[in-house]
Amino acid sequence: MFQKPPKKSMSITLKTPEEIEKMRVAGRLAAEVLHMIQTHVREGIATEELDRICHDYIVDVQQAIPAPLNYRGFPKSICTSLNHVVCHGIPGPKKLKKGDVLNIDITVIKDGYHGDTSRMFQVGTPPVAAQRVSRVAYECLCIGIEMVRPGIRLGDIGHAIQRHAEAQHCSVVREYCGHGIGREFHEEPQVLHYGDPGTGVELVPGMIFTIEPMINAGKRHVKLLPDGWTVITKDHSVSAQWEHTVLVTETGHEVLTPHPGDPL
Ligand code: MF3
Ligand code: CO
Ligand code: CO
């Protein structure tokens, strides 16, 4: 979810069947952490407690590595982005309260490969605008995933996501994007959630990347806080994000991070 992918991966790596199987395992583990944590996402819990529970589960139960920890200096094992936080929220002492919406973003490394997924949670009944932007962000993710197949271009996907968000009077964050993923956390290509049809990389079987639209209820502009990580909406409007890791197959796509009990 960075503007510039790391220098060492300057091209799109196509995954072999053996690598794809490892990516399935990593993806499933990341999704299972989101499933495990859901019962803990309640009024009164601090986001740093959610971080500790996830960290211990990933390390002790899954015998995997929480990818965010020490990644470019990130201090925690998960990202927790609350209300007007767009992404990369750092878990801390702040406690969840009724009416909050929270994105939890989980990335695990297992056997050298990454799985990356996030979803929104609601605490009590959030304001209508917050519920709405959470739903629109989910719809944007689904629209993007359904388009993934050989021959389509990334610009087609970005365009469809942008069109849906804007038709719903929401906006698409431009500064952060989806990304190729594999041995590296962030590989090429960049997967923009806006764009023009018929442009960008053409998909071929064996590509694996994330789709992770960040959708704001207000204007699209964002601001980076002085901690160097937390991204918020400039107008303080509520923001939402959902993320899956997706494989391009011969006939279409496979979601590698299926959420248990979810259609995706
Ligand atoms: N998981 C985020 C993504 O979807 C990246 C988080 S980087 C961190 O790309 F350092 F903030 F953890
Ligand atoms: Co990602
Ligand atoms: Co993520």
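Buried means under 20% relative accessible area, exposed means over 50%, and partly exposed lies in between. The structure treated in these exercises is a predicted model.

**Exercise 1. Salt bridge in helix H3**

Task: Determine how far apart Glu139 and Arg135 are in helix H3, and assign each to an accessibility class.

Solution.
Step 1. Glu139 and Arg135 form a salt bridge, with the closest N and O atoms 2.9 Å apart.
Step 2. The two residues are 4 residues apart in helix H3 (residues 128-147), so about one helical turn separates them.
Step 3. Glu139 has a relative accessible area of 23% and is therefore partly exposed.
Step 4. For Arg135 the relative accessible area is 38%, so this residue is partly exposed too.

**Exercise 2. Salt bridges of helix H1**

Task: State which residues pair with Arg24 and with Lys22, and where the partners lie along the chain.

Solution.
Step 1. Arg24 meets Glu21 in a salt bridge between side chains, at 2.7 Å from N to O.
Step 2. Both residues belong to helix H1 (residues 17-37), where they sit 3 residues apart, about one turn of the helix.
Step 3. Arg24 is partly exposed because its relative accessibility is 23%. Glu21 is partly exposed because its relative accessible area is 38%.
Step 4. Lys22 pairs with Asp111, and the closest N and O atoms of this salt bridge are 3.8 Å apart. The cut-off for a salt bridge is 4 Å.
Step 5. This pair links distant parts of the chain: Lys22 is in helix H1, while Asp111 is in the loop between strand E4 (101-110) and E5, 89 residues apart.
Step 6. Asp111, at 54% relative accessibility, counts as exposed, whereas Lys22, at 33%, counts as partly exposed.

Task: Give the total number of salt bridges and name the network that joins Glu21 and Arg24 to a further residue.

Solution.
Step 1. The count is 8 salt bridges.
Step 2. Glu21, Arg24 and Glu254 are joined into one network by salt bridges that share partners.

**Exercise 3. The cobalt ion (ligand 2)**

Task: List the coordinating residues of the cobalt ion (ligand 2) and classify the arrangement of its donor atoms.

Solution.
Step 1. The cobalt ion (ligand 2) is coordinated by Asp116 (OD), His179 (NE2), Glu212 (OE) and Glu243 (OE), at 2.0 to 2.2 Å.
Step 2. Along the chain these donors have the spacing D-x62-H-x32-E-x30-E.
Step 3. Six donors count as octahedral if opposite donors are over 155 degrees apart and all others between 65 and 115.
Step 4. The 6 donor atoms here subtend angles of 51 to 159°, so the arrangement is irregular.
Step 5. Asp116 bridges this ion and the cobalt ion (ligand 3), and the two ions lie 3.3 Å apart.
Step 6. Asp116 in strand E5 (residues 113-122) and His179 in strand E7 (residues 178-180) link distant parts of the chain, 63 residues apart. Both Asp116 and His179 are buried.

**Exercise 4. The cobalt ion (ligand 3)**

Task: Repeat the analysis for the cobalt ion (ligand 3), and decide whether Asp116 and Glu243 are buried or exposed.

Solution.
Step 1. The protein donors are Asp105 (OD), Asp105 (OD), Asp116 (OD) and Glu243 (OE), lying 2.1 to 2.3 Å from the cobalt ion (ligand 3).
Step 2. The donor residues are spaced D-x10-D-x126-E in sequence.
Step 3. Angles among the 6 donor atoms of the cobalt ion (ligand 3) run from 59 to 166°, and the site is irregular.
Step 4. The bridge to the cobalt ion (ligand 2) is made by Asp116. Asp116 in strand E5 and Glu243 in the loop between strand E13 (239-241) and strand E14 (244-248) are 127 residues apart.
Step 5. Asp116 counts as buried because its relative accessibility is 2%. Glu243 is buried because its relative accessible area is 0%.

**Exercise 5. An open sheet**

Task: Give the strand order of the sheet that holds E12, and find the bridge partner of Lys223.

Solution.
Step 1. The sheet is open and has 3 strands in the order E3-E12-E11, with antiparallel pairing.
Step 2. Strand E3 (85-87) and strand E11 (222-224) are the edge strands, each pairing on one side only.
Step 3. From one strand to the next, the twist averages 40°.
Step 4. E11 and strand E12 (residues 231-233) run antiparallel and are joined by 3 bridges.
Step 5. Lys223 has Ile232 in E12 as its bridge partner.

Methods. Residues are numbered from 1 along each chain as its sequence is written. Chains are lettered from A and ligands numbered from 1 in the order in which they are written. This is a predicted model: local features need pLDDT of at least 70, side-chain atom pairs count only at pLDDT 80 or more; totals for chains, interfaces and linings use all residues. Side-chain values use heavy atoms; hydrogens and water are left out. Two strands pair if DSSP finds at least two bridges between them. Axes are lines fitted to C-alpha atoms, for helices over the stretch in contact, and angles run from 0 to 180 degrees between N-to-C directions. Donors are N, O and S atoms within 2.8 Å of the metal (3.2 Å for Na, K and Ca); water is not among the atoms, so sites may look incomplete. Four donors count as tetrahedral if all angles lie between 85 and 135 degrees; four count as square planar and six as octahedral if opposite donors are over 155 degrees apart and all others between 65 and 115; anything else is irregular. Buried means under 20% relative accessible area, exposed over 50%, partly exposed in between (1.4 Å probe, protein chains only).
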